[in-house]
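Welcome to this short tour. Please open the model in your viewer and keep the selection tool at hand.

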2 protein chains.
Amino acid sequence: MANGYNGKMLRVDLSRRAISVDELKDRFYRCYLGGRGFISYYLLKELEAGIDPLGPDNKLVFACGVVTGVPVGGCGRNSVGAKSPLTGAYGDAEVGGYWGAELKHAGYDGIIVEGKAEKPVYLWIKDGQAEIRDASHLWGKSTGECQEAIRSDVGEPLARTATIGQAGENLVRYAAILNDIHHAAGRTGMGAVMGSKNLKAIAVRGRNHPALANPEAVRALAKWLRDIVGIVMGGMHAQGTAVGLKALNRDGGLPTRNFQEGVFEEADKISGRAMKETILVGEGSCYACPVRCKRVTSVSEPYQVDPAYGGPEYETLASFGSNCGIDDLAAIAKANELCNAYGLDTISAGATVSFAMECFERGILSEKDTGGLKLNFGDASAMLQLVELIAKREGIGDVLAEGVARAAKRIGRGAEEFALHVKGQELPMHEPRYKQGLGIGYAISPKGADHTMSVHDSMYTGEGPLLENAKALGLLEPLALDDLSPAKVRMVAYHSCWQHLLDSLVMCNFMPFSYGQVSELVGVTTGWNSTVWELMKVGERCLAMTRAFNIREGLGKKDDSLPQRFFTPLPSGPLQGVSIGKDEFEQAKETFYSMLGWDKAEGRPSLGKLQELGIEWVADYI
Amino acid sequence: MANGYNGKMLRVDLSRRAISVDELKDRFYRCYLGGRGFISYYLLKELEAGIDPLGPDNKLVFACGVVTGVPVGGCGRNSVGAKSPLTGAYGDAEVGGYWGAELKHAGYDGIIVEGKAEKPVYLWIKDGQAEIRDASHLWGKSTGECQEAIRSDVGEPLARTATIGQAGENLVRYAAILNDIHHAAGRTGMGAVMGSKNLKAIAVRGRNHPALANPEAVRALAKWLRDIVGIVMGGMHAQGTAVGLKALNRDGGLPTRNFQEGVFEEADKISGRAMKETILVGEGSCYACPVRCKRVTSVSEPYQVDPAYGGPEYETLASFGSNCGIDDLAAIAKANELCNAYGLDTISAGATVSFAMECFERGILSEKDTGGLKLNFGDASAMLQLVELIAKREGIGDVLAEGVARAAKRIGRGAEEFALHVKGQELPMHEPRYKQGLGIGYAISPKGADHTMSVHDSMYTGEGPLLENAKALGLLEPLALDDLSPAKVRMVAYHSCWQHLLDSLVMCNFMPFSYGQVSELVGVTTGWNSTVWELMKVGERCLAMTRAFNIREGLGKKDDSLPQRFFTPLPSGPLQGVSIGKDEFEQAKETFYSMLGWDKAEGRPSLGKLQELGIEWVADYI
C-alpha cells in the first residue's frame, strides 16, 4: 500500500447522458472515509442552497466506505444521500444487503447521480464499465418485477439492484430505494429523489475484490466475529431485530397507537418469537455476515406475502403493528411486502398510517376525507389499503404521501398536534420519553428523527458488555434512562460522532466489534495506522458537515425539536407520568452544541472547531 | 482485576507531623491516571487562590501514573508539582530515574506534602510504612552527601532518594529536586517549594511489584521496545539527548548567546559526539529502560567532575554551552555537576547566566553589580562562579536566584528586554523562531516556557516514522517549521493533549511507542479497554485543569506571551531574517483556544467543554 488507499467515484449526469470518473486519493479517503462523509462533502460542495430536492439540481450520491466489500460481517452496506424532499435538510439512508459490496467489487466507491433523464433510465455497471439504459418498460413496475427484468436484460442473474418502485416514481416524500428488493434505504425520501431523476434502478455486477493491506488480519477479524456471534448474537439470529420488542413493551417503551401509549396489550403476537413460530420461512443475510438477522416470511392466507420481499424488522413490526394498534402479524408482513414492492420507507409509512388513524379517531379526518376507509387503530385491512393509496398517491394517499408534517398542514383542524416528526421526518419506533438521550439525538440529528444518530440509553443503564465497551471512550458510568445531565449529553455526543463514523465507513451498527476492533479493521484494510481518536474525529467532522449543510438551508436551533407529545406524560404503563422536561431538553441541546464547539444560538460550528477538524473550507459554505 | 485499578496516595502534613493515606478507586484513576492529572486535580481542589508558593499553604504533590513501576522502558518516572514560586502559576516537573518506580513498589502512587516542618526533616518510606525523620544534620549538604547519609541512616544502600540541595534550602526560585542525585525534576522551582517546607529529602524502598492485568502482554511490549531501540534509538543511546544538537546548529536553530543567534560557531565541541569522544565514562539509565540515554561524565582537569552526578543532557549543553557562548565541555559538565549537587534546574540556571552575560555585555550590569565577575559570553570560569553564587544566594547570585523575570525588574535599566521567559520561567533550549509551533506551546503552556508541552515542528516537516505516527491522530500532512496556520495549531493542540496524557501516565517522551501501543500498555497494565480517544481526553482534561488553575490565579491571554526578541528577526545563519509574525502568533493563540473550547478573551474553558471532559466541578473553582 505504498501509495495508500485510492479509488474512484462514478459520476453520471443524466441530463447530458454523460458518464465520468472522479479519481480519489488516499488523503481524501482518510479524511472522509466514504458513506455519509463523502455524501456530506459532495452535497456541501456541489449543491446550491435552496434548491428543490425533487428538481434536477439535487444530486443523489451512493457511497460505500473504505471497508465496504471486505469479507467481514457488517461491510456489505452502502449509503445513499441527497437533499431530502421530506425534510429539506441533509438526507441519507444506509442500507444492507450485497449491493454496496458489489459496487465496490465493480471498481467504484460510489456514484454521484446528477441532473434528470429525459425519460426513464436505469444504470448498468459491470466491472468498471457503466452505461445508461432505457427503462421505459420498467416504469410503473414493482421493485421485484423491475429486478427480474433488468437481470434478464443484462443477462446477469447475479446482478445486484438498487431499485425504486411506484412510490419513488410518484415522488412519495418518504419513498425508499430497495437493494435486491428486500433491503431498504428507507429514510429521508431518497427513492423520491431517484424517481425525480427518472432513474429506475442501478444494477451492478463486480468481481474484483479490492486489495487488502493485511489479508490475514482481515480474516482473523472475520473469524473472531463468526466465533462471537454464536455467543452474543444468538437472539438476533433467532428473532431478528425484533428480539428486543417484548422487553421494550415490558418497560413501557413500545410505541403504541401513534405514541399515545408505551404498552401494547398484544405485543406477544407481533414479537420476534411469534414471527419465528408462525410466518418465518428463513433468515436472510447481508454480504459476509454471520449474524443473519434479516427475516424471510411467507403468508398465503388471508394475505399473499411473497418471501422474495424478505420480512419485517423491528421498526416495521412496531410501526405497522403496535403503533397502529395492529396485532396481525400476517398483515404486518403484507405491509412490509407492499412497502418493499412499492418502495416505501416502512417507518415513515407506518407512522403516517398511525397519524391518520389518530386523526380519524379524533374526528379530524372523516370517511369523507378517506374515501370511505374507516381508519381505526387496529384495522389491518384499512392499514393495507392506505399503504397502497400512499404508494399510488390516490385519494387521501396523495395527501399522506407528503409525510405527516405536510399532510397535517394540509388537513388543518389541529392535525399538527398528532404529526410526530422532527424536521419533517416521522419518528422511528423508539419512545423518546423512555430513551431520553435518544430523544436529544432525534432532535439534533441532521436527518430529522433518526434512531441511529446516537445512544440507545437502555444499553447503558447497568454494567454489562455495552457499558464496558463505552468505557473505552471514557464513558465510565451507567446512566439512568431519563437522565439528561451533562454526562448523558456527553454520551449522546460521543455516540453521535461514532455513529457518523460508522455511517461513513458504512458499517452495520449491530456488529459486536469494540471501538478498537473497528479501527483495527480500517487499518488492516487500508494500511493506515488509524486509532479510535482519528475515527471519532472523522465522525465529528462528518457531523459538523451535515450540520453546516442544514445551517446553509436555514435550519437552526428551533428545528432541533421534539413533538409536544413527548413533553407530556405517558398516560399508562410502567412509564405512566413520565415525560421529557422541556427545560432539561433545551438545556441538553445547548450542552450538546457547546460540547461539540457549536454556538449556543443556532448550533453553528465555530471556525475553530472547523479548523480543528481540518475542514475550514466549510466556513465558506455557511 | 474485577475491582479495577485501585491504589493509595500518602498524605504527609509536616506542620502536624501527621501521616495518612488516601485510598483511591478505579474511576479516579481512569479519569486522571496520575502524574499531572493527579497534581492538577489536587492543586485545584486543595489550594486557595493567591497563596504564597513558598508558604505553608502550598502543597507539594509527588505523583506516579498507572503504568509507573511496570517493567517497561519509560515507566520509572514521577511528577512533582505545586504552585510554582517561579511563575505563580501551575507548576510541575517530570523526572526520570528509579524513584517513581520505587515509590510505586513501596505501595504508593504519590505523596501529598502539606504544611511546613518546624525544623529540617526527611521522609522515609519502606514497603508501605512512612515516617518523618529529623534532617537537621543534612541541612546545608549537597544532594550527594545527603543521599549517602540517608542511605546509611536507614540502613538501605538501595534506598532511592529525592533530594534538594542548598539551592532548594535557599529558596532559589528555580531549584530542582534530584532523584538519586542525577535525575532532575528541574522545572518551575519545585525544589524551592520543598525547601520552604523544610523537607530535605524523601527516601524510598519498595519491593512489591503491582499486579498486572496481563503480564504476558506487558512483557511483549517491553520486548518490542528492547528490539526496536537498537534500530531506531541508536543515536540516542550513543550520544544521549544531545544527538540532535549539531543538526539544530546546522539549521540555525541552536540557541546561542541568550538567543541572540541560532548558530554557535563551536557547536562541534559541545556535541553528543564530542562528549562521547572525550569526557563520557558510561551511559546511565532509568528503570527498565533499554535506551540508556543518560550520560555519565568524568573530568579531572581543570574541573573535578564527579561521575556520581551523571552528565549533561542536551538542554544543559545548550544552556550552559552555546547559549552562554561557551565551548568548554568540561566546564559544562562541571556546571551540570554543580546544578545537581546544589539542586538547580540546569535550563533556568544556564538561561539566567546567559541573561546576566547579555546584560553585562550591554553595560546593564557592571563589575560593581557582579562583585568583580566579568560576565562575558564564553567565559566558563565566570559561568561556574555564578552558578555557585546563585545556589548560595550570594552577591549578584541572590538577585539572579529570583529568575530572569524578577531579576530584570530588580536590575532595571532596560534589562527586561533580555529576560527571556514565559510566565516567569526561562526558555528551554529550542528556538521558537525555528520551531514556531513549539513557540505557541511555550506561550500557552500552563507551566510557562516548556519544551515538552507540545509539538517539535521539526519532527513533522517531512514524511517519516514520526509523521506516520502522527497520522494516527488525523494529522495527515507535513507542515513547514514556520507554519502557524490552523493545521499547525491543530498539531500543537493535539500534541498538547497527548503530552498532558504522557505526563499523567508519567511516561518518558522518548519511547518510540505508537499512540496505540501506549493505550495498549495502559490496558494490559490496568485491565481497562482504553483507546487513544480515551487517553487523549485524559490529556485534554488535564490541560483544562491546569488552565483553570492559572485562571484562578489571575493569569489569562496576556500571559500567553513570548519575549519580544522572537518577534524580531534572527540576525544571521540559515534562519537570518526569520521571526515570528506577531499577528500570526496572536491569531494562532486564539485558534488554539477555540479548538480546545476555550473562550477567545482569556482562554477560559467553556462550561460545555468542562462537562464534555467530565469535570464540570472545575467550573466552581474558576
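Leaving aside its neighbours within four places in sequence, which residues is Phe355(B) in contact with? Select Phe355(B) and you will find Asn258(B), Leu400(B), Val404(B), Ala407(B), Ala408(B), Ile411(B), Ala415(B), Phe418(B) and Ala419(B), where contact means heavy atoms within 4.5 Å.

A word on what you are viewing: this is a predicted model, in which local features need pLDDT of at least 70 and side-chain atom pairs count only at pLDDT 80 or more, while totals for chains, interfaces and linings use all residues. Residues are numbered from 1 along each chain as its sequence is written, chains are lettered from A in the order in which they are written, and side-chain values use heavy atoms, leaving out hydrogens and water.

Next, stay with Phe355(B) and add Phe355(A), Phe592(A) and Phe592(B): these have the most contacts inside the largest nonpolar core, a set of 355 residues. Such a core joins buried Ala, Val, Leu, Ile, Met, Phe, Trp, Tyr and Cys residues through side-chain atoms within 4.5 Å; buried means under 20% relative accessible area, exposed over 50%, and partly exposed in between (1.4 Å probe, protein chains only).

Now show both chains. Chain B falls on chain A (RMSD 0.0 Å) after a rotation of 180° with 0.0 Å of shift along its axis, superposed by least squares on C-alpha atoms of residues with pLDDT of at least 70 in both. That is the relation of a two-fold axis. Select Trp533(B), whose C-alpha is the nearest to the axis in chain B, at 2.1 Å.

Last stop: Asp52(B), which is partly exposed, with a relative accessible area of 46%. The side chain of Asp52(B) reaches the backbone nitrogen of Leu54(B) at 2.8 Å.

Terms used: A polar contact is a pair of N or O atoms within 3.5 Å; within protein, one must be able to donate a hydrogen and the other to accept it, and residues adjacent in sequence count only if both atoms are side-chain atoms.
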